[in-house]
Amino acid sequence: MTKRKGLGTNPLDAVIPTATTNGTHPTTTDNPAVAKQRFTCHISTAVTERARDAAWWTPGLTLAALVEGAIVDALAKLEAERGEPFPPRRSPLPRGGGPR
């Protein structure tokens, strides 16, 4: 059997943007061209179990996609309340949420 090549690029990429209007914040987790990095944080056991259950029972949903989508939604809400996107940090975040 001959291996069939895929379409290459997703034709929906031209219709569905992968960044906000300022071009800095990705809005989709389906674009493999978007660089990824590990993001580690501590979340309550009850919330992590609910997230794992949702990923288990939702066909095609991954835990990473669920978490990234939730963070994107939360950031959009915070930026809407603020009236604009947050500017870049001036220095690294302090560990443990201490004073800036």
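This passage looks at the overall make-up of the protein, then at helix 2 and a patch on its surface.

The model described here is predicted. The protein contains 2 helices and 0 strands. Of its 100 residues, 6% are buried. About 9500 Å² of the protein is exposed, and 59% of this area comes from carbon and sulfur atoms. As for how distant parts of the chain meet, 29% of the contacts between residues at least 6 apart in sequence join residues that are at least 24 apart.

Helix 2 makes a good place to begin a closer look. Its 20 residues run from 63 to 82, and the distance from the first C-alpha to the last is 29 Å, close to the 28 Å expected at 1.5 Å a residue. Gly-83 follows helix 2 and has a positive phi, near 90°.

A nonpolar patch lies on the surface, formed by Phe-39, Leu-63, Val-67, Ile-71, Leu-75, Leu-78 and Phe-86. Together these residues have about 610 Å² of accessible area. Two members of the patch may serve as examples. Leu-78 belongs to helix 2; it counts as partly exposed because its relative accessibility is 41%, between the limits of 20% for buried and 50% for exposed. Leu-63 is also found in helix 2, and with a relative accessible area of 34% this residue is likewise partly exposed.

Leu-63 also meets residues from earlier in the chain. Apart from neighbours within four places in sequence, Leu-63 is in contact with Ala-51, Arg-52 and Ala-55. Thr-48 is 15 residues away from Leu-63 in sequence, and their C-alpha atoms are 9.5 Å apart in space.

Terms used:
Residues are numbered from 1 along each chain as its sequence is written. This is a predicted model: local features need pLDDT of at least 70, side-chain atom pairs count only at pLDDT 80 or more; totals for chains, interfaces and linings use all residues. Side-chain values use heavy atoms; hydrogens and water are left out. Helices (H or I, at least four residues) and strands (E, at least two) are DSSP runs, numbered from the N terminus. The expected span of a helix is 1.5 Å times one less than its number of residues. Patches are made of residues with over 30% relative accessible area and no salt bridge: like charges are joined within 9 Å, nonpolar side chains (Val, Leu, Ile, Met, Phe, Trp, Tyr) within 5 Å. Accessible areas come from the Shrake-Rupley method with a 1.4 Å probe; for residues, only the protein chains shown count as cover. A salt bridge is a side-chain nitrogen of Lys or Arg within 4 Å of a carboxyl oxygen of Asp or Glu. Buried means under 20% relative accessible area, exposed over 50%, partly exposed in between (1.4 Å probe, protein chains only). Contact means heavy atoms within 4.5 Å.
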